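User: Hey, got a minute to walk through this model with me? I'd like to get my bearings before I go back to the bench.

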Amino acid sequence: MSTQGANAAAQAEVKARAQSWAKAVVTGDVNTIMTYYAPDVLSFDAIQQLQFKGAEVYRKHWEACMAMCPGPMVFEFKDLAVEAEGNVAFAHA
């Protein structure tokens, strides 16, 4: 596979994972949400405290968020852009 083909495949995989994560957020599936974070995640958020260190701390935050918003959720990526080359990729929306 060419480098361009590999990059396109990696971009498609990142987009699919982003959509899977978004679906988990919409359905309130904290277990699936947490599969996207490393055990030593350092995350910054706008709800409650601003910084979360570690997956267990961040899981509690997600659980609290889901409890605060128990109704149907809407979560969409707008203009999701993915760059990939080799074994590195990043996305923004």
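**Walking through the model**

Analyst: Sure, let's start with one residue: Lys 23 has a relative accessibility of 60%, so it counts as exposed. Keep in mind that this is a predicted model.

User: Where does Lys 23 lie?

Analyst: Lys 23 is part of helix α1. Its C-alpha is 7.9 Å from that of Phe 75, and those two residues are 52 apart in sequence.

User: OK, zoom out. What does the secondary structure of the protein chain come to?

Analyst: The chain has three helices and four strands. Going along the sequence, the pattern reads α-α-β-β-α-β-β.

User: And what box do the C-alpha atoms fill?

Analyst: Roughly 45 × 30 × 20 Å, taken along the principal axes.

User: How much of the chain is buried?

Analyst: Of the 93 residues, 26% are buried. The accessible surface of the chain comes to about 6500 Å², and carbon and sulfur atoms account for 57% of that.

User: What about contacts between residues at least 24 apart?

Analyst: If you take contacts between residues at least 6 apart in sequence, 43% of them join residues at least 24 apart.

User: Let's switch to charges. How many positive and negative side chains are there?

Analyst: There are 7 positive and 10 negative side chains. The centres of the two sets lie 4 Å apart.

User: Why would any of them pair up?

Analyst: Opposite charges on side chains can pair when the charged atoms come close. In this model the count is three salt bridges.

User: Which residue does Arg 17 form a salt bridge with?

Analyst: Glu 13, with the closest N and O atoms 2.8 Å apart. Both residues sit in helix α1, four residues apart, about one turn of the helix.

User: Are Arg 17 and Glu 13 buried or exposed?

Analyst: In between. Arg 17 is at 49% relative accessibility, so it counts as partly exposed. Glu 13 also falls in the partly exposed class, because its value is 43%.

User: And what does Arg 59 pair with?

Analyst: Arg 59 forms a salt bridge with Glu 63, where the closest N and O atoms are 3.9 Å apart. That pair still counts because the cut-off is within 4 Å.

User: Where are those two in the fold?

Analyst: Arg 59 and Glu 63 are both in helix α3, which covers residues 55-68. They are four residues apart there, so about one helical turn separates them.

User: Is Arg 59 buried or exposed?

Analyst: Arg 59 is buried, because its relative accessible area is 19% and the limit for buried is under 20%. Its partner Glu 63 has 39%, so Glu 63 is partly exposed.

User: What about the salt bridge of Glu 76?

Analyst: The side chain of Glu 76 meets that of Lys 78, at 3.2 Å from N to O. Both Glu 76 and Lys 78 are exposed.

User: I also noticed Asp 79. What is its phi?

Analyst: Asp 79 has a positive phi of about 55°, although it isn't a glycine. You'll find Asp 79 in the loop between α3 and β3, with β3 spanning 81-85. Asp 79 counts as exposed because its relative accessible area is 71%.

User: New topic: Asn 7. Which helix is it in?

Analyst: Asn 7 is in helix α1, residues 3-27. Its relative accessibility is 14%, so Asn 7 counts as buried.

User: Which residues is Asn 7 in contact with?

Analyst: Not counting neighbours within four places in sequence, Asn 7 is in contact with Ala 84, Glu 85 and Gly 86. A polar atom of the Asn 7 side chain lies 3.5 Å from the backbone oxygen of Ala 84.

User: Last one: where is Ala 89 found?

Analyst: Ala 89 belongs to strand β4, residues 88-92. With a relative accessible area of 40%, Ala 89 is partly exposed.

User: And what is Ala 89 in contact with?

Analyst: Leaving aside neighbours within four places in sequence, Val 14, Glu 83 and Ala 84. Ala 84 is also a contact of Asn 7. The C-alpha atoms of Ala 89 and Ala 10 are separated by 7.6 Å, with their positions 79 residues apart along the chain.

Terms used
Residues numbered from 1 in each chain as written. Predicted model: local features only at pLDDT ≥ 70, side-chain atom pairs only at ≥ 80, totals over all residues. Heavy atoms only, no water. Buried < 20%, exposed > 50% of the residue type's maximum accessible area, 1.4 Å probe, protein only. Polar contact = N/O pair within 3.5 Å; in protein donor to acceptor, adjacent residues only side chain to side chain. Contact = heavy atoms within 4.5 Å. Areas by Shrake-Rupley, 256 points an atom, 1.4 Å probe, with all protein chains shown as cover. Lys, Arg positive; Asp, Glu negative; His and termini not counted. Charge placed at Lys NZ, Arg CZ, Asp CG, Glu CD.
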